[in-house]
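Please look through the structure shown here. The report below goes through selected residues and helix contacts.

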Amino acid sequence: MTDPKRVAILISGSGSNMVALAESMTGDHPARPVLVLSNDPGAKGLDRARAMGIPVAAVDHRPFGKDRAAFEAALMDRLAEARPDILCLAGFMRVLTPGFTEAWAGRMLNIHPSLLPNYRGLHTHARALEAGDAEAGCTVHEVTAELDGGPILGQARVPVLPDDTADTLAARVLVQEHMLYPAVLRRFAAGDRTPVLLP
Ligand code: GRF
């Protein structure tokens, strides 16, 4: 058996997708988590990763101000130590420059809470409700220089219910995120880019 793929997970917040990914990488899974990295030293997800025994690091973006390249160089330094084969963005709320996305082309995934290509960017659930959509969902895609625009690797759909608010819809989609992202990562780490479609 070949060595498992090394996965670094980038977070900014609570890290529930990170936990779902990390918990999935056991047994015959073709990957293992080697680092959880945050741009926010106070991110709750760092504590959760620590509790799971995963190495953690933070590169605070704030001292870098508008200098995204310098912030990303610091991320790169930290990643170089962990030697990941794959990066998973999981609620990582910094826009990455083409220099970074090109360095990780074909090796970096993201989860986005909409059925892409609908609703790139922020406030996806409110926008789906406003549009009167009958269904919503989430997408895992490869990260390219185009924000939320890379090749789609999987999608999961949920119904929009009559009384939904952005919060209730987000909670229903998040349950699916926690199933979709691990399913896509398992397939991707095994070298298969066929999209996963849930449910
Ligand atoms: C998820 O909805 C993800 O799709 C979005 O931010 C949220 C992150 O949640 N971009 P968590 O940090 O994984 O709990």
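## Leu122 and its surroundings

Leaving aside neighbours within four places in sequence, Leu122 is in contact with Met93 and Arg127. In this predicted model, Leu122 sits in the loop between β5 and α5. Its relative accessibility is 54%, and since the cut-off for exposed is over 50%, Leu122 counts as exposed.

A distance to another part of the chain can be given as well. Leu122 and Ala156 are 34 residues apart along the chain, and their C-alpha atoms are separated by 18 Å.

## Other residues of the β5–α5 loop

The loop between β5 and α5 also holds Pro117, Tyr119 and His123. The peptide bond that leads from Leu116 to Pro117 is cis, with omega near 15 degrees. Helix α5, at the far end of this loop, covers residues 124–130.

Tyr119 is not a glycine, yet its phi is positive, at about 60 degrees. His123 is likewise not a glycine and has a positive phi, of about 55 degrees. Are these two residues buried or exposed? Tyr119 has a relative accessible area of 18%; buried means under 20%, so Tyr119 is buried. His123, at 64% relative accessibility, counts as exposed.

## His112, listed by UniProt

An unreviewed UniProt entry lists His112 under "active site". In the model, His112 belongs to strand β5, which spans residues 108–112. With a relative accessible area of 5%, His112 is buried.

Which residues does His112 touch, not counting residues up to four places away in sequence? They are Tyr119, Arg120, Gly121, Thr124, Cys138, Thr139, His141 and Asp148. Among them is Tyr119, the loop residue with the positive phi of about 60 degrees.

## Asp148

Asp148, one of the residues touched by His112, lies in the loop between β6 and β7. Strand β6 covers residues 135–142, and strand β7 covers residues 152–159. Asp148 is buried, with a relative accessible area of 10%.

Not counting residues up to four places away in sequence, Asp148 touches Asn110, His112, Leu116, Arg120, Gly121 and His141. Arg120, Gly121 and His141 also appear among the residues that His112 touches. Leu116, for its part, precedes the cis peptide bond to Pro117. The C-alpha atoms of Asp148 and Pro117 are separated by 8.0 Å, and the two residues are 31 residues apart along the chain.

## Thr101 in helix α4

Thr101 is part of helix α4, which runs over residues 98–103. At 4% relative accessibility, Thr101 counts as buried. Its contacts, not counting residues up to four places away in sequence, are Leu96, Met108, Val143, Thr144 and Ala145.

## A second cis peptide bond

Leu198 and Pro199 are also joined by a cis peptide bond, with omega about -5 degrees. Pro199 lies in the segment after β8, and strand β8 covers residues 196–198.

## Helix α1 with helix α2

Two packed helices are described by the angle between their axes and the distance between the axes. Helix α1 covers residues 16–24 and helix α2 covers residues 44–51. They pack at an angle of about 20 degrees, with their axes 9 Å apart. Angles under 35 degrees count as roughly parallel, so α1 is roughly parallel to α2.

The crossing of α1 past α2 is right-handed. From α1, the residues Ser16, Met18 and Val19 meet Gly45, Arg48 and Ala49 of α2. Sorted by class, this contact of α1 with α2 has 3 nonpolar, 2 polar and 1 charged residues.

## Helix α1 with helix α6

Helix α1 also packs with helix α6, which covers residues 166–189. The two axes come within 9 Å and cross at roughly 40 degrees. How are α1 and α6 oriented to each other? They are oblique.

This crossing of α1 and α6 is right-handed. On the α1 side, Ser16, Asn17, Ala20, Leu21 and Ser24 take part. On the α6 side, they meet Leu174, Glu177, His178, Tyr181, Pro182 and Leu185. By class, the contact of α1 with α6 has 6 nonpolar, 4 polar and 1 charged residues. Ser16 is listed in this contact and also in the contact of α1 with α2.

Note on methods: Residues are numbered from 1 along each chain as its sequence is written. This is a predicted model: local features need pLDDT of at least 70, side-chain atom pairs count only at pLDDT 80 or more; totals for chains, interfaces and linings use all residues. Side-chain values use heavy atoms; hydrogens and water are left out. Axes are lines fitted to C-alpha atoms, for helices over the stretch in contact, and angles run from 0 to 180 degrees between N-to-C directions. Helices (H or I, at least four residues) and strands (E, at least two) are DSSP runs, numbered from the N terminus. Angles under 35 degrees count as roughly parallel, over 145 as roughly antiparallel, 65 to 115 as roughly perpendicular and the rest as oblique. A crossing is left-handed if the near helix is turned anticlockwise from the far one by less than a right angle, and right-handed if clockwise. Contact means heavy atoms within 4.5 Å. Ala, Val, Leu, Ile, Met, Phe, Trp, Tyr, Cys and Pro count as nonpolar, Asp, Glu, Lys and Arg as charged, and the others, Gly among them, as polar. UniProt positions are given in the numbering used here, feature names are shortened, and annotations may be inferred rather than shown by experiment. Buried means under 20% relative accessible area, exposed over 50%, partly exposed in between (1.4 Å probe, protein chains only).
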